[in-house]
Amino acid sequence: MNDTFGIGTKWDAAEHLDSEEAIAAFLAEVMEIGDQKFIVRALNTVARAREMTQIAKDAGIARQALYKSLSDDGNPTISTLLGVMKSLGPKISVNPA
């Protein structure tokens with residue numbers, strides 16, 4: 001198998017979220033789409049990019065509970081989402097449509 005061009009490997013966005021600006025841009029794009037499952041998956045990606053254990057600690061959530069909440073089958077509470085967003089750093093703003 002030739003890995004020179006990424007053939008046979010799985011691309012992971014978390015590996016490319018290496019700055020506050022990249023994370024903010026990524027989350028802004030995801031929020032524009034507005035799909036709940038997509039937003040939860042994106043928060044999972046960002047949390048993995050940062051360090052899931054630290055995000056869970058900062059958000060006041062058990063690490064396993066955070067993994068479950070941000071999984072494809074997860075259904076996080078608003079308090080979990082707000083805790084994760086606060087831990088990640090980007091601010092949420094509301095603008096008129």
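Let me begin with S69, which, leaving aside its neighbours within four places in sequence, is in contact with V40, G74, N75, P76 and T80. The structure before you is a predicted model, and I shall treat it as such throughout.

Where does S69 lie? The residue belongs to helix α4, which covers residues 63-69. Is S69 buried or exposed? Its relative accessibility is 16%, and because buried means under 20% relative accessible area, S69 counts as buried.

Allow me now to place that helix in the whole. The protein has 5 helices and 0 strands. Read from the N terminus, the order of elements is α-α-α-α-α. Taken along the principal axes, the C-alpha atoms fill a box of roughly 45 × 35 × 25 Å. The protein has 97 residues, and 32% of them count as buried. As for contacts with a separation of 6 or more, 55% are accounted for by residues 24 or more positions apart.

I turn next to the loop between α2, residues 36-50, and α3, residues 52-59. E51 lies in this loop. What is notable about its backbone? Most residues other than glycine have a negative phi. E51 is not a glycine, yet its phi is positive, at about 140 degrees. The relative accessible area of E51 is 44%. Partly exposed is the class between 20% and 50%, and therefore E51 is described as partly exposed.

My third topic is the surface. The protein exposes about 6,900 Å², and carbon and sulfur atoms supply 54% of that area. Which residues make the nonpolar surface patch of about 320 Å²? They are I78, L82 and I92. I78 is found in helix α5, which covers residues 78-88. With a relative accessible area of 60%, I78 is exposed, since the exposed class begins over 50%.

A word on charge. The protein carries 10 positive and 13 negative side chains. How far apart do the centres of the two sets lie? They lie 9 Å apart.

To close, I would ask you to keep three residues in view as you turn the model. S69 in helix α4 is buried. E51, in the loop between α2 and α3, has a positive phi. I78 in helix α5 is exposed, and together with L82 and I92 it makes the nonpolar patch. Thank you for your attention.

Notes:
Residues are numbered from 1 along each chain as its sequence is written. This is a predicted model: local features need pLDDT of at least 70, side-chain atom pairs count only at pLDDT 80 or more; totals for chains, interfaces and linings use all residues. Side-chain values use heavy atoms; hydrogens and water are left out. Patches are made of residues with over 30% relative accessible area and no salt bridge: like charges are joined within 9 Å, nonpolar side chains (Val, Leu, Ile, Met, Phe, Trp, Tyr) within 5 Å. Accessible areas come from the Shrake-Rupley method with a 1.4 Å probe; for residues, only the protein chains shown count as cover. A salt bridge is a side-chain nitrogen of Lys or Arg within 4 Å of a carboxyl oxygen of Asp or Glu. Helices (H or I, at least four residues) and strands (E, at least two) are DSSP runs, numbered from the N terminus. Buried means under 20% relative accessible area, exposed over 50%, partly exposed in between (1.4 Å probe, protein chains only). Contact means heavy atoms within 4.5 Å. Lys and Arg count as positive and Asp and Glu as negative; His and the chain ends are not counted. The place of a charge is taken as NZ of Lys, CZ of Arg, CG of Asp or CD of Glu.
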